[in-house]
Amino acid sequence: AAYAGAAARVTRAITDEPTVAKLAAVCSLFEGAMFAFVFIWTPALEHSTARQATAVGRAADEIPYGVVFAAFMVACAGGSETFALVMARRDR
């Protein structure tokens, strides 16, 4: 019963406020894209590596998944830091 009341309040907040509805849509789309990326990046690398190896007539090399993931994390941290610097400069 408590969950039904909470769900009704959330639904009302989303439908009554266009800003909340837009924020919910953006968050849902972003999270959907992130989940798709998480599940697809390794098969995409495997397919690309195998295809490239076949094109040059040799066996596919082992993919360094740890290095690739670390590069993704460095790019994420760099983007966050860049955003923070831009926002700090903007607020001055």
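Rings of Phe, Tyr and Trp (its six-membered ring) count as a pair when their centres lie within 6.5 Å, and the planes make the pair stacked under 30 degrees, edge-to-face over 60 and tilted for the rest. Keep that in mind for the second stop of this tour. The model is predicted, so local features need pLDDT of at least 70 and side-chain atom pairs count only at pLDDT 80 or more, while totals for chains, interfaces and linings use all residues. Residues are numbered from 1 along each chain as its sequence is written, and side-chain values use heavy atoms, with hydrogens and water left out.

**Start with the whole chain**

Show the cartoon and follow the chain: the pattern reads α-α-α, with three helices and zero strands. Here helices (H or I, at least four residues) and strands (E, at least two) are DSSP runs numbered from the N terminus. The C-alpha trace spans about 60 × 45 × 20 Å along its principal axes.

The protein has three helices; its radius of gyration is 21 Å, well over the 12 Å that the globule rule gives for 92 residues, so the protein is more spread out than a compact globule. That radius is taken over C-alpha atoms, and the rule is 2.2 Å times the number of residues to the power 0.38.

Now switch on the surface. About 7,700 Å² is exposed, and carbon and sulfur atoms supply 69% of it; accessible areas come from the Shrake-Rupley method with a 1.4 Å probe, and for residues only the protein chains shown count as cover. Of the 92 residues, 4% count as buried, where buried means under 20% relative accessible area, exposed over 50% and partly exposed in between (1.4 Å probe, protein chains only).

**Next, select the aromatic rings**

The whole structure holds three aromatic pairs. Pick Phe 37 and Phe 72: their ring centres are 5.2 Å apart with planes at 70°, so this pair is edge-to-face. Phe 37 sits in helix α2 and Phe 72 in helix α3, so the pair ties together parts that are 35 residues apart in sequence. Phe 37 is partly exposed at 38%, and Phe 72 is partly exposed at 31%.

Keep Phe 72 selected and add Trp 41. Their centres are 5.3 Å apart and the planes stand at 85°, so this pair too is edge-to-face. Trp 41 belongs to helix α2 and Phe 72 to helix α3, so the contact ties together parts 31 residues apart in sequence. Trp 41 counts as buried, at 14% relative accessibility. Add Tyr 65 to see the cluster that ring pairs make of Phe 37, Trp 41, Tyr 65 and Phe 72.

**Then look at the nonpolar patch**

Select Phe 35, Phe 37, Val 38, Phe 39, Ile 40, Phe 69, Phe 72 and Met 73, which form a nonpolar surface patch with about 800 Å² of accessible area together. Patches are made of residues with over 30% relative accessible area and no salt bridge, joined within 9 Å for like charges and within 5 Å for nonpolar side chains (Val, Leu, Ile, Met, Phe, Trp, Tyr). Both α2 (18–56) and α3 (65–91) supply at least two of the residues, and α2 gives the most, with five.

**Last, the charges and cysteines**

One salt bridge turns up in the whole structure: select Arg 58 and Asp 61, whose side chains meet at 3.4 Å, N to O. The term requires a side-chain nitrogen of Lys or Arg within 4 Å of a carboxyl oxygen of Asp or Glu. Arg 58 is partly exposed at 48%.

How many disulfides are there? The search finds zero, a disulfide being a pair of cysteine sulfur atoms within 2.5 Å. Select Cys 27 to see why: its sulfur is 16 Å from the closest cysteine sulfur, in Cys 76, too far for a bond.
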